[in-house]
Amino acid sequence: MRKNWIAVQDVEGRPYEECVELFRKYINPGLVALLEMGEYTSIEPRSAHGAIIIDGKGREILDFVSSYGALNLGHNHPVVKAAILDVLHKEKVDLSKELLSPYAACLAHNLSLLTPGSLDRFYFCNSGTEAVEAALKLAARYFKGKRPLFIYAENSLHGKTLGALSVTGGQKLREYFPLLPGRCVPYGDAEAIEILLRDTPKEGDDSVAAVILEPIQGEAGVIVPPAGYLRQVREICDRYGVLLILDEIQTGMCRTGTFFACEQEGVVPDLLVIAKSLGGGLASIGATIATTKVFDTAYDNPHDCLVQTSTFGGRTTSCVAAMAALEVCVQEDLGRRAQELGERLLAGLQAIKEKYPEWIRAVRGRGLMVGIEFDEQVIDKAPYLPAKIPGLKNVLKEHLPGMVAAALLKQHGILGTLMLNNRSVLRVYPPLIVTEKEIDYFIGALDDILGQGPKELVKNRVNHAIGAAGLKFIAPWAGSLLKRQR
Ligand SMILES: Cc1ncc(COP(=O)(O)O)c(C=O)c1O
């Protein structure tokens, strides 16, 4: 072995601080700096089960992030784990492109029983963004390349590869990349789509292949559209002969109270994408689901069968994990659970909002896909602020939910985080196997943090930034943030 080589068995015994430094050195120094600000790097993730992560000091952390919706079944669900271990023990063929996996075929069959309408052609891949890419390509091929445009919504997130990014509305993510042409519309406004389609030709450079939407926008800050929105968009797409792609990567797998969120409006898209919790929290798998008509029109030639494939897509271990995950969703009735616990969570948070109206602007969501929108004006009530530092107040305002998340972690052992495209919203995404007691614990913890007042919150964060962490990593971040504020 080479000098300084780290054997896999030695990782566990290695001081965690050293691993953080390796992460900083080799992977993403900016991310490490960001996480240090919230003291996330002080927690060594040792093991996890259900909604609980155990850290290196044996402390229990309650996970209210669920890896942005990839852990609907919680960590290491025993049914998913057992299914994967079983295929490993039996040394099943995990990877072969020439020999068809019976697990991929049976997973597709089971999924077809859960998808609405006649969505019954499946393409398996490894992530959400790949599933979106495949959906965009299917739509483009369906129209034989004669319609190059996609309509997407402001502030949406569909993935970070170039195709999926092209239909992602979050501006910061798009900057500087060469993207596909498209048309961006306000989310929740069906008429805006109709106006666009009315003015576009059926073929040529300005014509539209598909509209892509999230049934509830996640990273935009948990934006629930007006009732009837999806149905209206469906009707408009039908009227103009345009395909509808629904991205259920966050909303799917029971998160919003039904297996797919679109079921709640009785809407069947032409293409539907899922990923995240499809792997049961233990495998990386995404799926693009199409109607037979769309799929077979797009890939209508036997020679097309290899146009859209992926080396690891549909591998046995991932498909087994997904089959087990679907079984858990159905058998544990996770949709109903998400709905009932979601009602409890929203009622509790509504009460917190009423108790602290100066802190919280809105509480919203469906099922266990919930966001708390904070009111940054509360920072004006924190007289501790070192007022002489220009722009600091604005930086703190921008990081209000982040400071609340850091306090929840430090004082109550709760893992929380922000939304990618909306910095004023705290994400509340517990796993769907969370208990009522854990929901109540979260609400009590939030009550405690807000009850301490904005001064205490700011004082703790500023002290941490200046004290324990030192200026070595704060300086570049604070510098760029302050520059942006001016
Ligand atoms: C709605 C939505 N679509 C697509 C994606 C991209 O999924 P992935 O990160 O697996 O590529 C995400 C990721 O958060 C998402 O939330």
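**Close-up views of the ligand site and the second largest pocket**

**Figure 1. Polar contacts between the protein and the ligand.** In this predicted model, a nitrogen atom of the ligand lies 3.3 Å from a backbone N or O atom of L157. The backbone also approaches the ligand at G128, where a polar backbone atom is 2.8 Å from a ligand oxygen atom. A side chain takes part as well: a polar side-chain atom of Q250 is found 2.9 Å from an oxygen atom of the ligand. On its own the ligand has 390 Å² of accessible area, of which the protein covers 81%.

**Figure 2. The shell of residues around the ligand.** Residues S127, G128 and T129 surround the ligand together with L157, H158 and G159. The shell is completed by E214, D247, I249, Q250 and K276. By class, six residues of this shell are polar, three are charged and two are nonpolar.

**Figure 3. The second largest pocket and the residues at its centre.** The second largest pocket holds about 980 Å³ of space. It is lined by 34 residues, and those closest to its centre are K97, L100, A104, T309 and G313.

**Figure 4. Secondary structure and residue classes in the lining of the second largest pocket.** Two or more lining residues are given by each of α5 (102–114), β4 (119–125) and α6 (128–142). Helix α5 provides the largest share of the lining, with five residues. The lining of this pocket comprises 19 nonpolar residues, ten polar residues and five charged residues.

Terms used:
Residues are numbered from 1 along each chain as its sequence is written. This is a predicted model: local features need pLDDT of at least 70, side-chain atom pairs count only at pLDDT 80 or more; totals for chains, interfaces and linings use all residues. Side-chain values use heavy atoms; hydrogens and water are left out. A residue is near a molecule or strand if one of its heavy atoms lies within 4 Å of it. A polar contact is a pair of N or O atoms within 3.5 Å; within protein, one must be able to donate a hydrogen and the other to accept it, and residues adjacent in sequence count only if both atoms are side-chain atoms. Accessible areas come from the Shrake-Rupley method with a 1.4 Å probe; for residues, only the protein chains shown count as cover. Ala, Val, Leu, Ile, Met, Phe, Trp, Tyr, Cys and Pro count as nonpolar, Asp, Glu, Lys and Arg as charged, and the others, Gly among them, as polar. On a 1 Å grid over the protein atoms alone, a cavity is a set of points where a 1.4 Å probe fits but cannot get out, and a pocket is an open set with protein on both sides within 12 Å along at least five of seven lines; lining residues have an atom within 4 Å of a point. Grid points are joined across faces, edges and corners, and a volume is the space filled by probe spheres set on the points. Helices (H or I, at least four residues) and strands (E, at least two) are DSSP runs, numbered from the N terminus.
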